Amino acid sequence: MTRLLEVQDLQVEFDTWDGRVRVIESLSFALAAGETLCIVGESGCGKSMTALAIMGLVPQPTGHITAGSVRLAGEDLVRASPARMQAVRGNEISMIFQEPMTSLNPVYPVGEQIAEAVRLHKGLDRDAARSRAVEMLRAVHIPEPERRVDEYPHQFSGGMRQRVMIAIALACEPKILIADEPTTALDVTVQAQIFELLVELRETRGTAIVFITHDVGAVAEMADRVIVMYAGRKVEEGGVEDILERPAHPYTRGLLACRPTLVLGDPGARSELAEIPGVVPPLHQLGAGCAFAPRCAQALQRCGVAAPPETRLADGHAAACWLLAPSEGAAA
Amino acid sequence: MAEAGRSPWQEAWAVFRRNRAALIGLAILGVIGLVLAVGPLLYRVDPFDIVGAPMTPPGDPDVLLGTDYLGRDILAGLVRGGRPTVLVGICAAMITTVIGITIGSLSGYYGRGTDRMLGRVVEFFQVLPALLFAMVLITLFEPSLLTVTLAIGVVAWTGMARLTRAEFLRIRQLDFVRSARAIGASNARIILATILPNALPPIIVSATLATGTAILFEAGLSFLGLTDPNVMSWGLMIGSSRNYLREAWWAVTFPGLCIFLTVLGISLVGDGLNDAFNPKLRQR
């Protein structure tokens, strides 16, 4: 496995009125070329911040990457110069966001916005950039790309705009595409189309995808590997089968149980939707122990005392939980 | 072509076109512009020449709009004097806009220390009484069209800076700015190519109205005698004839009317632009 992107002990902190808050704590993972890694978790667990940290876009001036490294093909992006990061963004690592309705600039035709990316990074002239824009619109399956290239964002639907965002992101053939909940704001049918498109583009272009979502259905659809995050920490990591079929961490299991299931024809079979009691704790109130312990039904006494180490369960499958720690293994 | 790609600008024009008051304003400005452009070529009387008896009332076949207290042709003054007046207004508004956009965009985009520092500069200029400050500037140097223009521009830019700053504060946190950053756009590019075009509508409206204000300001300064006495302008005509207001009302009224119409036209167009750019008023 060639490691394209390697995140090592990443730590991100924010200055708030309540003091410094650690939103990501010693996060490590790797991304291989051409693979899809899903990062799952509830709102506020640090998924999006992880993406922004990779892009070097942690909100200034309150946010800081205080430790760790993000290595792209060996080069540490955390220590790269702002100019170097500008050359990386959109060219080697691209990102698409949650809100396709507002992520395009309303005063420029979509074609120009795609062309902007290639003109910035590849130095193409106007005509070449424009034909590249048409080509990209065709690649994301927008009908009549020659005509629509001159249209403005307000003339596109939400799903079409997300396609345009994907076209912009992939115009420079980046090695990595970070998709931050790209389908959350879209209709379910359109979501499926976007998934399909991302899968297709990954196959044809070999782009590795970091897919951030809170939707377990999307994970099943997209992922090769999965990272489950809780309160800024990685609680479990594994292949998509490991996570979906053999979830080890109580939080992962809870997350999977929270999916509604459809049972047709028998109203009585409609089961109560499971939920994880409580909410993600405010990050400045995290104690010394496992962040999930207050909500965990199986919490042991030591869970509140010290953070659990990561335990290897199988090849590529690991979880951070005291229940799984070797000494407690029998208890679990 | 009609189908594909109607830019926000084209949409604004479609709204503007349906606004009667704005079109009247545009027509007024068109007539004034035409007169100022070709008038001096057709009516070749020097406005400083004494062409008849002093204070000839309007209606005289030789001097249609009468003469002032020195016997100078009022019509010639109107035709020649419009260019400097309008030019001062436009140039001063441009100075205002350029300074305002520069300070406002840096302040709004970078925020923090930059904002605080530039905010002090804005406040410094804001607390100075504008007319007095302009008068001081003009009397310090020679009263000429250039110094008058600069003086007006320098005292009037703070509103534009605050407007631009507010727009930048609002727009810089929108999603498409984040997208621009994510494709690797530099700060300069984000300021100039991403945020500024989206901030332009209110700035254009404000710049239009600033032109009217600058013309009035110039007239006010001229009335007080602070203008270039060697260049005929509407303001100079009013200023020099003000002592004879009761004997020769026409010497002051006609240039005053010209200034009034010009500023009215500008205001109507400015309001029309405001409606056209304001999406809440835009009917589909």
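Trainee: How many helices and strands does chain B have, and in what pattern do they follow one another?

Mentor: In this predicted model, chain B has eleven helices and zero strands, and reading along the sequence one therefore meets the pattern α-α-α-α-α-α-α-α-α-α-α, given that helices and strands are taken as DSSP runs numbered from the N terminus. The C-alpha trace of chain B spans about 75 × 50 × 30 Å along its principal axes.

Trainee: How should I read the contact between the two chains, and what area is buried between chain B and chain A?

Mentor: The size of an interface is often given as the accessible area lost when the parts come together. Here the area buried between chain B and chain A is about 2200 Å², with carbon and sulfur atoms giving 58% of it. On the side of chain B, the residues that lose the most area to chain A are B:R178, B:A182 and B:I183, which together account for 25% of what that side buries. Counted by residues, the contact takes 24 from chain B and 29 from chain A.

Trainee: Which residues form a salt bridge there, and how many residue pairs are in polar contact?

Mentor: The count between chain B and chain A is one salt bridge, formed by B:R189 with A:E116, whose closest N and O atoms are 2.6 Å apart. Across the same interface, ten residue pairs are found in polar contact, both residues of each pair being at pLDDT 80 or more. The side of chain B that touches chain A draws at least two residues from each of α1 (8–17), α8 and α9 (187–223) of chain B, and by class this side has eight nonpolar, eight polar and eight charged residues.

Trainee: How do I read a pocket, and what is the volume of the largest pocket?

Mentor: Rolling a probe the size of a water molecule over the atoms shows where empty space is left. The largest pocket has a volume of about 1200 Å³, and of the 32 residues that line this pocket, A:L57, A:V58, A:P59, A:Q60 and B:R181 are the closest to its centre. Elements of both chains supply at least two lining residues each, among them α1 (47–55) and β4 (63–72) of chain A and α8 (175–182) of chain B. By class, the lining has 16 nonpolar, eleven polar and five charged residues.

Trainee: Which residues does a cis peptide bond join, and where is A:P61 placed?

Mentor: Most residues other than glycine have a negative phi, and most peptide bonds are trans. A cis peptide bond, with omega about 0 degrees, joins A:Q60 and A:P61, and A:P61 has its place in the loop between α1 and β4 of chain A. As for phi, A:D9 has a positive value of about 45 degrees although this residue is not a glycine, and A:D9 lies in strand β1 (residues 3–16) of chain A.

Notes: Residues numbered from 1 in each chain as written. Chains lettered and ligands numbered in written order. Predicted model: local features only at pLDDT ≥ 70, side-chain atom pairs only at ≥ 80, totals over all residues. Heavy atoms only, no water. 1 Å grid on protein atoms, 1.4 Å probe; cavity = no way out; pocket = protein on both sides within 12 Å on 5 of 7 lines; lining within 4 Å. Points joined across faces, edges and corners; volume = space filled by probe spheres on them. Helix = DSSP H or I, 4+ residues; strand = E, 2+ residues; numbered from the N terminus. Nonpolar A, V, L, I, M, F, W, Y, C, P; charged D, E, K, R; others polar. Contact = heavy atoms within 4.5 Å. Buried area = accessible area lost by both parts, 1.4 Å probe. Salt bridge = Lys/Arg side-chain N within 4 Å of Asp/Glu carboxyl O. Polar contact = N/O pair within 3.5 Å; in protein donor to acceptor, adjacent residues only side chain to side chain.
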